[in-house]
Amino acid sequence: MISQQVIQDTAYDIMGRAAIDIPPDYRSGVEFMIEKEDGLSKFVLQTMMENWDAATEDRRPMCADSGLPRYYVKVGNEAQYEGGPIGIEHALREATARATHDIPLRPNRVHPLWRTDHNNNVGINAPEIDWSFEPDADWIDITTVHKGGLFGTDYRMLFPGDGIDGIKRFFLDTLLSYGKRGLACQPAIVGIGLGGSKDTTMVLGKQAACLRVVGDRNPDPKISELELELKELGNSIGMGAMGFSGKSMVSDCHIEVGYTHTGGMPMSVHMFCLSSRRATARLFADGRVEYRTDPQWFTPYMRRETTSWQN
Amino acid sequence: MAELSEGQKVVRLQVPVSHDDIKDLEIGTVVYLDGVIYTGREGVYKRVIEDGHEIPLDLPAVSNANFHCSPAAAIEPDGSYNVGGVTATASFRFAKWMQRWFELSGAKIIIGKGGMSSSDYRELFVPAGAIYLTTVGYGTGALLGRGIRKVRQVEWFEELGNAQAMWVFEVENFGPFIVDSDLDGNSLFEQQAEQVNKNIESLYQGLKKPALSRYGETDDRNDELI
Ligand code: SF4
C-alpha cells in the first residue's frame, strides 16, 4: 500500500528537482550545440550552462519564471494506494502549495479574469493533473513539468491533401514567429501533435515536448525519420538562442499521433524552453521511491492501436 | 564568466546611472549592474498611470533602472525574504505605458526580455534618454538571483500580489545583460533579424500552401509578431 504521506512528500520533492536541476539529456543537447556556434550565440548558450550550474550549486530555481507547475500521473493497474485517486489529487495540490513557498517558485497562477493570486500556484483547474495507466504494474509514476512560455505554441487544422509540405510549413511558421527575439527561449525541445480531436492534438504535442527526452525516437520508423528531418529543418533556419543569427533552434523534435477525423490532419507545435523542467519519481508498493528525469510516459500501452492489449 | 569572443565589450555600471555612463554604450555590449534596481510591469504601470497612485519610491533618486520581471520569491512569516531567482518577462506588451512611465520615474535603463520594436525605441526611448538591456538566454534566473544582495523593500504586495508587486533590490555584479538599444535607438534584435530573414525565402521554397488559409495570414515572414 502506497501511503498518502509518501505520495505528498515525493510530489513535493520532484517539484524542487524540476525547478532547480536541468535534466542531463537537455543539457548535453545544448553542450553539443555550443560547439557549432560563435559570437553572441555562443556567449548566450555558455551563460545558460553557467546558470544551470549556479542553480544546482545554490539550490535555487534555474529560471525565476517557474512556469505552470503541473503533474502527470501513471498508475499501475495493480497499484494499491491510500486515499484513492481523490487522495492523490489532494496530495498533489498540497505539494504544489508547499513547494511554491519553500523553493520558492513564482506563484504564477492567477484567475484569468480577476487576476486573483492565491500565492501558491493552486486554483481552479490548477495544477493540471493528467492521468494514464500501465498494465501489469504495481507502482505509481509521478512526473512534474514546469513548462514556461507564453510563446511557442500554436495549433492549425491542416487537411490530408496538405501533406508533409503542410506540416513543414506550419512547423517553420511557428518556429520563426516565436523564435524571433527568442520569445520561445530556444533551443527548444519541439513537440508536435498530429491528429486526434483538436484538444487531443494539443495534449499530444505538449506531452511530446515535455515528456520525451532529447534523443528519444518515435517507434514508428517513418515518424522517427520525420522527427529528424524537422529537427534539421528547424536548425537550418539560421536562427539560434534569443533569435540571434545561429544554428541552435531545435535540440530535438518529437511527434506523437492520434487517430483523427478522416477529412482532417490537425497539428499542434509546442516548444519546451531553455528551462526544460521535468522530474519523475516511481513509488513502489514497498515504500521505495526512485527518481529520474525521463518520464517514460509514452509506453507501448499508451500507443496501442487495437481494442485489446496483449503484452 | 562565459568566454567572450574577440572584440566583445563588457562594462559594469553603477545604478542610478548618469547620461555619461550610458552615452557611449553600443548594441551587443555585455553589461553588469551594481546599485539599486526595481521591478515594475503591467500591475505597477496600471496602478500609477491609469489609477493615479503615487509611486511609493523616490525615483529616480533611488534608482533609474526598471526591470520587467517578477522574482521567484517568498516572504517568510518573520517578514524576511527568500529570493530564489529573477527572470525577465517580454517587454513589448508594456509599450503603451512607457512614455508616461519615463516621465514619472526618470528611468534611464529598462531591462527585460526580447526588447521592443525600433519604432518604440525611436519614439519612446530616445526622447527619454533611455537604453534597453536584454537578459541573456533568457532563463538566467539563478545567475541573476546570485546578484541580488538584499531586498530593500516590497511595495504593493497586498494590492498586486507577489508577481506584480514592486520589488526593490540591492544588486552587485548583477547580470549579464546585453545592450539591445543604445541612445540612438539602434536595435541589436532587429539587426540580427535582418540576418535571419535573408534565408527565409529559401526555407519555404517548394513547400505548397495549405488548402485553408487563416485570417490575416501573411507570406511576408520578415514580419514580427510584436
Ligand atoms: S520560456 Fe522558459 S527559460 Fe524562458 S523565461 Fe519562460 S520558463 Fe524561463
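This is a short walk through a predicted model, covering a chain interface, a ligand and a pair of domains.

Okay, let's start with how chains A and B meet. In this model, 62 residues of chain A are in contact with 74 residues of chain B. The area buried between the two chains comes to about 5600 Å², and carbon and sulfur atoms give 60% of that. On the chain A side, the residues that lose the most area to chain B are A:Phe43, A:Arg169 and A:Arg181, which together make up 16% of what that side buries.

Now, the polar side of things. Between chain A and chain B we count 37 residue pairs in polar contact, and the rule finds eight salt bridges across that interface. Let me pick out A:Arg169 again: it forms a salt bridge with B:Asp219, with the closest N and O atoms 3.9 Å apart.

So which elements of chain A give two or more residues to the side that touches chain B? Those are α3 (39–58), α4 (84–102), β4 (154–158) and α5 (163–179). Of these, α3(A) gives the most, with 13 residues. If you sort that whole side of chain A by class, you get 31 nonpolar, 15 polar and 16 charged residues.

Next, the ligand. Where does the ligand lie? Between chains A and B. From chain A, the residues around the ligand are Cys63, Asp65, Gly148, Gly149, Cys185, Cys273, Ser275 and Arg277 of that chain, and chain B brings in B:Thr87 and B:Gly139. That shell divides into three nonpolar, five polar and two charged residues.

Last bit: the inside of chain A. The assignment gives domain 1 as 4–19 + 62–148 + 278–292, and domain 2 as 149–272. Their C-alpha centres lie 26 Å apart. Nine residues of domain 1 are in contact with 14 residues of domain 2, and the two domains bury about 900 Å² between them, 59% of it on carbon and sulfur atoms. On the domain 1 side, A:Tyr72, A:Lys147 and A:Arg278 supply 65% of the buried area, more than any other three residues.

How many salt bridges does the rule find across this domain interface? Zero. There are three residue pairs in polar contact between the domains, though. The elements of domain 1 giving two or more residues to this side are β1 (68–76) and β3 (140–147) of chain A, and β3(A) has the largest share, at four residues. By class, that side of domain 1 has two nonpolar, three polar and four charged residues.

That's it from me, thanks.

Technical notes: Residues are numbered from 1 along each chain as its sequence is written. Chains are lettered from A and ligands numbered from 1 in the order in which they are written. This is a predicted model: local features need pLDDT of at least 70, side-chain atom pairs count only at pLDDT 80 or more; totals for chains, interfaces and linings use all residues. Side-chain values use heavy atoms; hydrogens and water are left out. A residue is near a molecule or strand if one of its heavy atoms lies within 4 Å of it. Ala, Val, Leu, Ile, Met, Phe, Trp, Tyr, Cys and Pro count as nonpolar, Asp, Glu, Lys and Arg as charged, and the others, Gly among them, as polar. Contact means heavy atoms within 4.5 Å. Buried area is the accessible area (1.4 Å probe) that two parts lose on being put together, summed over both. A salt bridge is a side-chain nitrogen of Lys or Arg within 4 Å of a carboxyl oxygen of Asp or Glu. A polar contact is a pair of N or O atoms within 3.5 Å; within protein, one must be able to donate a hydrogen and the other to accept it, and residues adjacent in sequence count only if both atoms are side-chain atoms. Domain bounds come from an automatic or database domain assignment.
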